[in-house]
Amino acid sequence: MATPQPKGTILVTGAGGYVGGQIVREALESGFNVRITARTESSATRTISNYPSFASALSYTLVPDMTILESYAPAFADGAIEGIIHSASPVNFSPQDNVRDLLDPAIKGATTILEAARRFGRGKVRRVVVTSSFAAVVDPEKGVRPGYTYDEKDWNPVTWEGAVTAQKLTAYMASKTLAERAMWRWMDEHGDDVAFTLATICPPWVFGPYVRAPATRAALSESVLLLDDIVDGAAVPPFDYGGYADSREVAAAHVRALEAPDGVAGGQRFLVGQNFRYQAAVDGAREALPEARARLPVGKPGDRSPEDAHRFDGSKAARVLGVEYGTLKDTAVETYKQLFEIRKLEREEEEAKAKA
Ligand SMILES: NC(=O)c1ccc[n+]([C@@H]2O[C@H](COP(=O)([O-])OP(=O)(O)OC[C@H]3O[C@@H](n4cnc5c(N)ncnc54)[C@H](OP(=O)(O)O)[C@@H]3O)[C@@H](O)[C@H]2O)c1
């Protein structure tokens with residue numbers, strides 16, 4: 001790997017997660033010093049151990065509650081932070097209490113990081129990049145929506161009232177929508193008083209590799225679980241939201257959006273990703289991996305129905321940020337390689353327990 005030019009220090013929240021882990025890798029490989037936030041000492045050290053060759057460029061700060069402004073004071077205490085990538089947000093499709101489990105942490109967490117940059121950032125923070133989601137773009141009420149192409153102008157129309165009573169996945173989608181809206185509103189109110197601009201990255205389902213795969217499937221992100229659920233299953237899932245992005249592309253988009261000049265990325269949303277069908281992911285994995293042929297259902301190879309479903313336009317991220325999209329086959333293969341490895345480790349662990 002070429003030695004990158006040093007680029008200053010950025011703060012990354014959610015670094016212990018699936019997407020956040022790839023963001024940290026991308027930022028380090030691009031030459032940034034990265035300070036991660038973590039809720040506990042053990043999760044901070046676990047995350048840092050994923051990047052052994054970057055030990056001197058990585059530091060951490062504990063933020064036990066990302067909705068409390070003062071929690072962030074230590075992260076900024078040395079005046080080093082010049083950029084922020086805020087990826088932390090609950091990814092939970094089965095909330096027991098929408099407000100407590102999703103809406104409060106997502107929305108208050110989103111505005112608190114902006115407030116922290118203003119209060120503690122000493123005017124040094126130039127850009128805040130946020131992991132929003134296609135969930136904040138798509139209108140779930142419109143379903144398949146034949147002939148429509150979603151792009152950055154679109155917004156999920158959910159309201160707070162709707163969010164409080166929404167069920168499962170739509171509750172999560174509402175949390176992402178209201179969090180992104182709250183951030184743009186905050187920028188409308190305070191943008192003239194701060195030295196930073198905001199950019200948001202809106203990926204649909206994220207698939208592709210972890211920097212280091214979790215030891216158990218229980219720790220997988222909800223999106224990766226969607227592909228895991230197909231293993232040893234009877235059928236290939238039908239169309240749902242029509243788009244996917246590779247975890248490495250999503251990470252690249254965040255870092256490029258952090259680096260890009262104000263006139264290019266500041267104040268912008270970026271949809272990152274491509275059109276998606278589960279059958280295409282299964283076809284690609286089955287072509288490349290013998291274990292996928294043994295364990296993924298055949299479905300209807302080549303079927304891309306519904307042909308006329310809504311489409312996903314991720315071209316702005318490619319054009320403006322230089323994100324290079326790979327193939328769904330590669331993304332599916334890299335995901336399933338890790339998923340099969342996790343299952344193998346789980347089996348070995350069970351066998352070892354049975355023997356003990
Ligand atoms: N996966 C997708 O398909 C997808 C698609 C679009 C957007 N996104 C967005 O990408 C981001 C990361 O998602 P992911 O898939 O990587 O999920 P993940 O693996 O579950 O990671 C979520 C991260 O957010 C942190 N987090 C969650 N709730 C928190 C809270 N209340 N306080 C502090 N930290 C909290 C977690 O911290 P701990 O490590 O301490 O638990 C973790 O680091 C989220 O903003 C998500 O909405 C994901």
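Here is a short walk through the ligand site and one helix pair of this predicted model. Residues are numbered from 1 along each chain as its sequence is written, and side-chain values use heavy atoms, without hydrogens or water. Local features need pLDDT of at least 70 and side-chain atom pairs pLDDT 80 or more, while totals for chains, interfaces and linings take in all residues.

Let's start with the ligand. Its shell holds 24 residues, where being near means having a heavy atom within 4 Å. The closest are Val 19, Tyr 172, Lys 176, Val 206 and Ser 221. Sorted by class, the shell has 12 nonpolar, 10 polar and two charged residues; Asp, Glu, Lys and Arg count as charged, Ala, Val, Leu, Ile, Met, Phe, Trp, Tyr, Cys and Pro as nonpolar, and the others, Gly among them, as polar. At least two shell residues each come from α1 (18–29), α6 (168–190) and β8 (205–207), with helices (H or I, at least four residues) and strands (E, at least two) taken as DSSP runs numbered from the N terminus.

Now for some atom pairs. A backbone N or O atom of Val 19 sits 2.8 Å from a ligand oxygen, and a backbone N or O atom of Ser 87 is also 2.8 Å from an oxygen of the ligand. For Arg 39, a side-chain N or O atom lies 3.0 Å from a ligand oxygen. On its own the ligand has 880 Å² of accessible area, and the protein covers 82% of that (Shrake-Rupley, 1.4 Å probe).

Away from those contacts, take helices α10 (residues 278–288) and α13 (residues 328–355): their axes come within 8 Å and cross at roughly 70°. The axes are lines fitted to C-alpha atoms over the stretch in contact, with angles from 0 to 180 degrees between N-to-C directions. So α10 and α13 are roughly perpendicular to each other, a label for angles of 65 to 115 degrees.

Key. A polar contact is a pair of N or O atoms within 3.5 Å; within protein, one must be able to donate a hydrogen and the other to accept it, and residues adjacent in sequence count only if both atoms are side-chain atoms. Angles under 35 degrees count as roughly parallel, over 145 as roughly antiparallel, 65 to 115 as roughly perpendicular and the rest as oblique.
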